[in-house]
Amino acid sequence: MLRAPRGTKDILPPESHKWAYLESLLRRLSKLYNFEEIRTPIFEYTELFSRTVGESTDIVRKEMYTFQDKGGRDLTLRPEGTAPVARAFLERGLAQGALPKKLFYLGPMFRYEKPQAGRYREFVQYGVEILGSPSAYSDVEVILLAVRIAEELGLTGTVLYINTIGCPKCRQAHREDFVKHISSRAKQLCKDCLERLETNPMRILDCKNPACREAVADVPLVKDYLCDDCQEHWDTLQQLLESLGLEYTVDPTLVRGLDYYTKTVFELKWPPLGAQDAIIGGGRYDGLIEELGGKPCPGVGFAVGVERLLLAAEKGQKPLNPDVSIDCFVVFPGGGDRRLAQAGFKLVNDLRGSGLSSDFDPLGRSMKAQMKHADRLNARYVAILGEAEFEQGLVTIRSMEHGWQKQVPAGQVLDFMKEEVSGGSK
Ligand code: AMP
């Protein structure tokens with residue numbers, strides 16, 4: 001038997017109902033905060049990611065699904081959403097339009113990672129980006145949206161971690177002292193961190209290895225090297241969070257993996273999730289657009305893994321409970337009088353035409369088996385068109401929720417059902 005590739009998932013009903021529910025919640029919140037949707041291609045030129053995410057990051061070094069197409073182009077299945085959005089922003093001239101531009105995306109990303117609970121090779125991210133605003137108010141705006149998502153899903157006890165990683169100017173000054181300090185403890189570092197020391201030293205702060213964590217315990221921190229602009233941004237951000245009464249924890253070791261971040265970085269964690277407890281991660285990326293060849297244009301955003309949100313929601317206070325019922329199941333004998341079967345089928349079609357979700361049994365099973373099927377499909381009502389009803393021009397309507405049964409003239413069934421479904425009699 002052929003199987004789905006490792007690290008991928010089939011989303012089957014009833015889980016797919018939860019996906020649809022969560023996606024509509026994310027779209028509703030996007031609208032509330034005035035983010036408009038952008039859809040970018042699933043694959044891009046590889047260079048887009050190597051240049052922006054960073055040659056030394058895990059994503060670019062180890063995790064990309066990169067291939068050559070038949071024309072010899074180097075392409076990559078997108079591992080994240082910000083670089084494609086920035087590319088489209090530039091290429092499609094959005095930079096010349098009204099700024100800031102507030103965009104959201106929702107779609108699959110691909111990373112060759114070791115699959116485990118909450119971590120897949122194909123996963124779906126929802127993310128928002130505000131392009132063209134250098135203001136700390138925009139940082140707080142995206143943080144508030146992140147917090148709101150968690151709230152709407154009933155995730156109590158989330159922890160907001162924030163940090164500043166400065167700009168290339170502050171980092172230059174910091175890097176020298178940082179490298180000097182870490183180099184004196186190089187013996188303690190794991191193999192990956194030794195490499196990071198050469199390529200991307202700040203990422204050592206990200207390592208979970210206890211010896212590496214010890215090596216960075218009293219390392220010089222960027223926050224003590226900030227230039228005036230970054231310092232002011234950092235102060236404004238914290239004052240604003242405080243003015244809103246939003247609790248946060250400054251985590252000076254929070255650097256986030258990708259090269260394009262500047263100033264603010266943040267993560268929203270939900271501890272009950274265990275090892276993969278970061279549900280939302282984001283930050284500011286003021287150099288990204290320039291890196292892609294555009295005029296300098298600041299940006300800030302976040303991304304959230306939809307699988308992880310779903311996992312969290314299931315464990316939270318408000319497990320997702322989407323409506324999986326259908327309005328009406330029409331029971332009619334499949335064999336025998338063809339006119340009767342045709343009338344039954346027409347009733348299904350008319351109910352659907354009136355906007356009521358409806359279904360029937362195409363297999364011509366016994367009335368009893370059809371009633372059972374209706375129950376399995378969570379039908380709220382069953383319309384029974386048996387031989388006796390057909391002869392008298394009636395349809396029997398049964399409420400599956402309340403147990404009553406009524407006979408309704410065939411010509412009035414649609415109006416009766418519309419009235420019932422929109423909250424009629426009990
Ligand atoms: P990142 O783009 O790495 O900052 O990740 C942002 C969010 O995407 C994380 O907080 C997770 O919720 C989610 N995420 C990242 N990688 C994966 C993965 N391999 N599988 C599932 N979700 C992921």
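**Figure 1. Strand S7 and its two neighbours, S9 and S8, in the predicted model.** In strand S9, the residue that serves as bridge partner of Val-159 is Lys-269, and this pair belongs to a ladder of 6 bridges through which S7 and S9 pair in the antiparallel sense. S7 is also joined to S8, here by 2 bridges, and these two strands run parallel. Within that pairing, Tyr-161 of the chain stands opposite Thr-249, a residue of S8. A general point helps when following the side chains in such a view: in a regular strand they alternate between the two faces of the sheet.

**Figure 2. The open sheet of 8 strands and the helix that packs on it.** Read across the sheet, the strands follow the order S1-S5-S6-S11-S10-S9-S7-S8, and their pairing is mixed. The edges are formed by strand S1, residues 36–37, and strand S8, residues 249–250, each of which pairs on one side only. Helix H9, which covers residues 228–243, packs on this sheet and touches S7 (159–164), S8, S9 (262–269) and S10 (278–284). The direction of helix H9 makes about 160° with that of S7. At the S1 edge, S1 pairs with strand S5 (residues 101–110) in the parallel sense, over 2 bridges, and the bridge partner of Glu-36 in S5 is Leu-103.

**Figure 3. Asp-251, in the loop that follows strand S8 and comes before S9.** If neighbours within four places in sequence are left aside, Asp-251 is in contact with Tyr-161, Ile-162 and Asn-163. Although Asp-251 and Ile-162 are 89 residues apart along the chain, their C-alpha atoms are separated by 6.0 Å. The side chain of Asp-251 also makes a polar contact, at 2.7 Å, with the side chain of Thr-253.

**Figure 4. The ligand and the residues around it.** The ligand is surrounded by 14 residues, and the closest of these are Arg-111, Glu-113, Tyr-120, Gln-125 and Arg-256. An N or O atom in the side chain of Arg-111 lies 2.8 Å from an oxygen atom of the ligand. The protein backbone takes part as well, for a polar backbone atom of Ala-278 is 3.0 Å from a ligand oxygen atom, and a polar backbone atom of Gly-305 is likewise 3.0 Å from an oxygen atom of the ligand. Taken alone, the ligand exposes 480 Å², and the protein buries 90% of that area. Strands S6 (122–131), S10 and S11 (299–305) are the elements that give two or more residues to the shell around the ligand, and S10 gives the most, with 3 residues.

**Figure 5. The open sheet of 5 strands.** The order of the strands in this sheet is S13-S12-S14-S15-S16, again with mixed pairing. Its edge strands are S13, residues 358–360, and S16, residues 405–409, each pairing on one side only. On average, and with direction ignored, neighbouring strands of this sheet are turned by 25° against each other. Strand S12 (residues 326–331) pairs with S13 in the parallel sense over 3 bridges, and within this pairing Val-330 stands opposite Phe-360 of S13. Helix H13, made of residues 367–376, packs on the sheet and touches S12, S14 (379–384) and S15 (394–399), while its direction makes about 175° with that of S12.

**Figure 6. The two domains of the protein chain.** The domain assignment gives domain 1 as residues 15–167 together with 227–315, and domain 2 as residues 326–420. When the centres of domain 1 and domain 2 are taken over C-alpha atoms, 49 Å separate them.

**Figure 7. Backbone geometry at Pro-14, Asn-34 and Pro-100.** As a general background, most residues other than glycine have a negative phi, and most peptide bonds are trans. Pro-13 and Pro-14 are joined by a cis peptide bond with an omega of about 5°, and Pro-14 has its place in the segment before helix H1 (15–32). A cis peptide bond also joins Leu-99 and Pro-100, where omega is about 0°. Pro-100 lies in the loop between helix H4 (82–91) and strand S5. Asn-34 is not a glycine, yet it has a positive phi of about 60°, and this residue is found in the loop between H1 and S1.

Terms used
Residues numbered from 1 in each chain as written. Predicted model: local features only at pLDDT ≥ 70, side-chain atom pairs only at ≥ 80, totals over all residues. Heavy atoms only, no water. Pairing = 2+ DSSP bridges. Helix = DSSP H or I, 4+ residues; strand = E, 2+ residues; numbered from the N terminus. Contact = heavy atoms within 4.5 Å. Axes fitted to C-alpha atoms, helices over the stretch in contact; angles between N-to-C directions. Domains from an automatic or database assignment. Near = heavy atom within 4 Å. Polar contact = N/O pair within 3.5 Å; in protein donor to acceptor, adjacent residues only side chain to side chain. Areas by Shrake-Rupley, 256 points an atom, 1.4 Å probe, with all protein chains shown as cover.
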